[in-house]
Amino acid sequence: MAKLRLESLRKEFDRGKIVAVDGLDLDIEDGEFVTLVGPSGCGKTTTLRMIAGLENATDGRIYIGDEDVTNVHAKNRDVAMVFQNYALYPHKTVEENMGFGLRMSTDLSKQERHERVYEAAEMMGIEDLLSDKPDELSGGQKQRVALGRAIVREPDIFLFDEPLSNLDAKLRTTMRTEIQRIQQELGITSVYVTHDQEEAMTMGDRIVILRDGELQQMGAPTAVYDRPTNRFVGGFIGSPSMNFIDVRATREGEDVVLTDDDGSFSCRLSAAFADRIEDVDGKFTIGIRPEDIFPASEGGTNVLTTTVEVVEPIGSDNYLYLDASEDFIARVDSDVEPAPGDTIRVTFAEDDIHVFDGESGRVVGETEKVAGRASV
Ligand code: ATP
């Protein structure tokens with residue numbers, strides 16, 4: 001067990017034409033479970049491979065515990081990696097696959113190796129499969145073997161590279177819980193790469209969001225969800241995605257009025273909101289999560305009148321696709337059942353509005369919730 005620190009880590013490919021990881025700083029606590037998430041090509045796997053020593057860093061440092069391992073060979077780093085494609089030896093039995101690393105890197109006796117493998121196999125519930133070969137196993141069983149092989153090593157750090165992507169949805173959910181249980185039981189510092197934001201949110205103590213090789217935000221899942229630092233994170237975390245509307249803000253007396261380009265969206269907000277965004281006049285993008293939108297009661301001030309395009313029932317709730325802006329979705333109770341083409345009045349609280357700079361996309365103003373009213 002150890003903490004893990006990345007300092008200004010950089011990786012270039014093709015003589016600098018591709019910058020896969022760009023000045024990444026991360027501090028991961030001893031025993032922490034951190035998920036690394038971002039769109040395809042954002043540098044997740046490259047980061048993981050540099051930690052494992054499978055890829056050399058172009059610049060920057062990697063520390064495991066207090067040791068600078070940047071130039072330490074992979075086999076001398078105390079890390080175990082679990083891959084998406086299991087990477088099992090097809091001609092070896094489960095026991096041989098799980099014990100192979102131990103045979104190569106320790107001087108444990110055959111009996112001691114067998115005990116360690118059996119213990120890990122029990123943890124993964126595969127003790128009855130020890131004499132089977134990989135091609136006799138299902139995908140889920142193979143991944144259990146791969147996980148068991150990592151556990152056997154008793155490493156300082158676990159690295160997971162999309163280990164559940166090849167499994168069906170139900171098995172993926174089961175395995176998520178299994179991995180979390182084992183990680184907690186063993187207390188081994190873990191970095192888990194996934195492109196699935198839901199997986200990242202449910203599994204990580206903290207979540208790291210990358211884009212184009214750069215760190216966008218690191219924090220507890222709820223903090224990242226509630227207070228995204230930029231428009232990209234706001235849109236990436238949460239399903240369905242946050243709704244965005246590009247607006248111009250102007251001051252009208254004490255209030256702020258937000259309008260979109262074609263004037264179809266107009267929203268009057270309180271002086272408290274004006275304080276929050278300081279420099280009111282200018283271009284912004286506002287973000288509202290689908291679950292923060294509600295049907296408006298009769299009358300009321302904070303109301304958006306719009307047309308229902310599609311109603312998508314998901315059982316507990318309905319998704320309403322609204323004409324307010326492109327891909328504008330409200331998540332409402334399942335008993336709210338307008339028909340496509342209906343005019344609907346919806347509302348959202350002022351303190352649920354996220355405001356991003358229209359140019360840079362960076363969040364604007366205070367991040368804590370602001371009490372107040374919204375009127376549209
Ligand atoms: P995915 O989710 O699709 O696996 P990722 O976030 O893991 O993506 P990486 O595989 O780390 O992304 O790739 C980051 C960037 O580096 C991409 O532009 C990729 O094409 C590039 N890259 C990765 N490995 C190499 C390589 N060996 N040679 C050249 N370019 C590479």
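Reader: Which element gives the most to the shell around the ligand?
Author: Quick heads-up: this is a predicted model, where local features need pLDDT of at least 70, side-chain atom pairs count only at pLDDT 80 or more, and totals for chains, interfaces and linings use all residues. Residues are numbered from 1 along each chain as its sequence is written, and side-chain values use heavy atoms, leaving out hydrogens and water. Helices (H or I, at least four residues) and strands (E, at least two) are DSSP runs numbered from the N terminus. With three residues, the element that gives the most to the shell is H1.

Reader: How many charged residues does the shell around the ligand have?
Author: A residue is near the ligand if one of its heavy atoms lies within 4 Å of it. Lys-44 and Glu-162 are among the residues that surround the ligand. Asp, Glu, Lys and Arg count as charged, Ala, Val, Leu, Ile, Met, Phe, Trp, Tyr, Cys and Pro as nonpolar, and the others, Gly among them, as polar. The shell splits into five nonpolar and five polar residues, and the charged ones number two.

Reader: What share of the ligand's accessible area does the protein cover?
Author: Let's start with polar contacts, pairs of N or O atoms within 3.5 Å. A ligand oxygen is 2.8 Å from a backbone N or O atom of Gly-41, and a ligand oxygen is 2.9 Å from a side-chain N or O atom of Lys-44. Accessible areas come from the Shrake-Rupley method with a 1.4 Å probe. On its own the ligand has 640 Å², and the protein covers 60%.

Reader: How far apart are the closest N and O atoms of Asp-22 and Arg-10?
Author: Side chains of opposite charge can pair when their charged atoms come close. In a salt bridge, a side-chain nitrogen of Lys or Arg is within 4 Å of a carboxyl oxygen of Asp or Glu. The structure holds 16 of these. For Asp-22 and Arg-10, the closest N and O atoms are apart by 2.8 Å.

Reader: Arg-176 forms a salt bridge with Asp-196, so is Arg-176 buried or exposed?
Author: The closest N and O atoms of Arg-176 and Asp-196 are 3.8 Å apart. Arg-176 sits in helix H5 (residues 169-186) and Asp-196 in the loop between strand S8 (189-194) and helix H6 (197-203), so the pair ties together parts 20 residues apart in sequence. Buried means under 20% relative accessible area, exposed over 50%, and partly exposed in between (1.4 Å probe, protein chains only). Because its relative accessible area is 11%, Arg-176 is buried.

Definitions and conventions:
A polar contact is a pair of N or O atoms within 3.5 Å; within protein, one must be able to donate a hydrogen and the other to accept it, and residues adjacent in sequence count only if both atoms are side-chain atoms.
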